[in-house]
Amino acid sequence: MDRRKLDVKKVIAVANQKGGVGKTTLSINLSVSLAEEGKKVLLIDLDPQGNSTSGLGVAKNAERTAYDVLIRALPLDQARATTSYENLSVLPANMNLAGAAIEIAGMDFREFLLKKAIDPVRDQYDFILMDTPPSLGLLTVNAFVAADQILIPMQCEFFALEGITQLIKVYESIKNFANPSLEILGVVLSMVDFRMRLTEAVVSEIKSHFNGKVLETIIPRNIRLAEAPSFGKPIQQYAPESKGAHAIKDLARELLYGIEINNEETSATIEKADIENVTIRGDYEESSIGPGPVSVNSNGESTAGADNADRGIITDIVSESISN
Ligand code: ATP
Ligand code: MG
């Protein structure tokens with residue numbers, strides 16, 4: 001057994017433009033677990049749905065929100081809200097932010113607005129997490145420009161890798177044009193249910209696609225994780241003994257302290273792996289899970305390659321917006 005420790009940086013964008021893959025669930029509960037480990041944490045809600053805000057029990061109708069920080073250059077420390085955890089604050093969001101995405105488009109340095117807002121408070125935190133919306137628009141671009149690293153939750157379902165080429169391309173163009181030190185921290189497998197035959201095939205497909213970048217801790221499909229937000233509580237308060245709560249805690253500890261791994265597994269290479277491997281071996285159309293003619297045989301193995309339906313129109317828009 002070896003111990004593997006990731007090089008985790010301070011500002012982390014939780015992103016995947018696919019909807020409903022667990023970004024918000026991860027953002028809320030990982031923030032809380034990091035806070036419970038004694039870290040000072042800020043969670044920035046960048047999604048007009050405001051689910052990270054309400055999920056932490058913070059009112060969405062707050063007078064000052066992420067909108068004011070981005071559009072009116074309100075200092076972040078005047079907009080952040082407290083939570084029931086002393087060392088966890090949240091920058092709330094609500095539907096106003098949907099308008100911000102449009103208003104930002106006409107502003108100077110529109111990709112750098114969030115970075116500018118974070119810089120003055122950066123030293124006050126051990127971690128700053130950003131929950132992003134299910135798109136690769138300007139809000140997510142702002143998150144990538146401000147971030148040190150990107151954490152990608154992936155739902156273990158049949159189309160898990162759909163859209164990943166676009167995400168990686170946006171990451172690469174932002175790295176090239178705006179934020180050279182941006183890295184992919186890793187992929188978190190979420191809503192995993194090993195009772196489903198397909199799950200193992202999907203997990204191994206994601207692992208081979210992300211060559212060494214998949215975190216060891218897996219977030220299971222757990223009903224308590226789904227219920228908690230409707231009580232305005234993180235899982236650690238709503239159901240601290242649930243499997244979901246334990247998994248999130250393990251994930252926080254993996255990020256902070258590393259994890260024991262069986263060195264026969266591919267993950268032993270993670271420290272050397274970098275994202276180039278993803279793009280070189282990962283050209284998505286070679287993947288067997290994704291859009292196109294994919295089928296699964298009676299052993300639950302996927303048998304056919306996907307076609308090339310996943311090329312980056314959005315990326316072109318994003319890179320155009322960056323180079324303008
Ligand atoms: P969006 O793209 O809309 O912002 P998201 O990626 O933030 O979505 P979540 O809101 O975290 O995804 O999760 C989508 C749904 O799945 C929610 O109803 C959530 O409660 C539920 N969910 C998330 N993770 C789990 C899990 N591990 N087990 C069971 N349900 C989950
Ligand atoms: Mg969300």
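Here are a few friendly notes on the predicted model shown above.

1. Let's start with the overall picture. The chain contains 13 helices and nine strands. Of its 324 residues, 56% are buried. If you look at contacts with a separation of 6 or more, 78% of them join residues 24 or more positions apart.

2. Next, the surface. About 14,000 Å² of the chain is exposed, and carbon and sulfur atoms account for 49% of that area.

3. A helix pair worth a look is α4 (residues 96–104) with α6 (residues 138–146): the two pack at an angle of about 80 degrees, and their axes lie 9 Å apart. Angles of 65 to 115 degrees count as roughly perpendicular, so α4 is roughly perpendicular to α6. On the α4 side the contact is made by Leu97, Ala101 and Ile104, while α6 contributes Leu138, Leu139 and Asn142. Sorted by type, the residues of this contact are five nonpolar, one polar and no charged.

4. Now please turn to Asn179, which sits in the loop between α7 (164–177) and β8 (183–190). Is Asn179 buried or exposed? With a relative accessible area of 8%, Asn179 is buried, because the cut-off for buried is under 20%.

5. What does the side chain of Asn179 reach? The partner is the backbone oxygen of Phe144, at 2.9 Å. Leaving aside residues up to four places away in sequence, Asn179 touches Phe144, Val145, Ala147 and Ile174. Phe144 therefore appears both as a residue touched by Asn179 and as the owner of that backbone oxygen, within the 3.5 Å limit for a polar contact.

Technical notes:
Residues are numbered from 1 along each chain as its sequence is written. Chains are lettered from A and ligands numbered from 1 in the order in which they are written. This is a predicted model: local features need pLDDT of at least 70, side-chain atom pairs count only at pLDDT 80 or more; totals for chains, interfaces and linings use all residues. Side-chain values use heavy atoms; hydrogens and water are left out. Axes are lines fitted to C-alpha atoms, for helices over the stretch in contact, and angles run from 0 to 180 degrees between N-to-C directions. Helices (H or I, at least four residues) and strands (E, at least two) are DSSP runs, numbered from the N terminus. Angles under 35 degrees count as roughly parallel, over 145 as roughly antiparallel, 65 to 115 as roughly perpendicular and the rest as oblique. Contact means heavy atoms within 4.5 Å. Ala, Val, Leu, Ile, Met, Phe, Trp, Tyr, Cys and Pro count as nonpolar, Asp, Glu, Lys and Arg as charged, and the others, Gly among them, as polar. Buried means under 20% relative accessible area, exposed over 50%, partly exposed in between (1.4 Å probe, protein chains only). A polar contact is a pair of N or O atoms within 3.5 Å; within protein, one must be able to donate a hydrogen and the other to accept it, and residues adjacent in sequence count only if both atoms are side-chain atoms. Accessible areas come from the Shrake-Rupley method with a 1.4 Å probe; for residues, only the protein chains shown count as cover.
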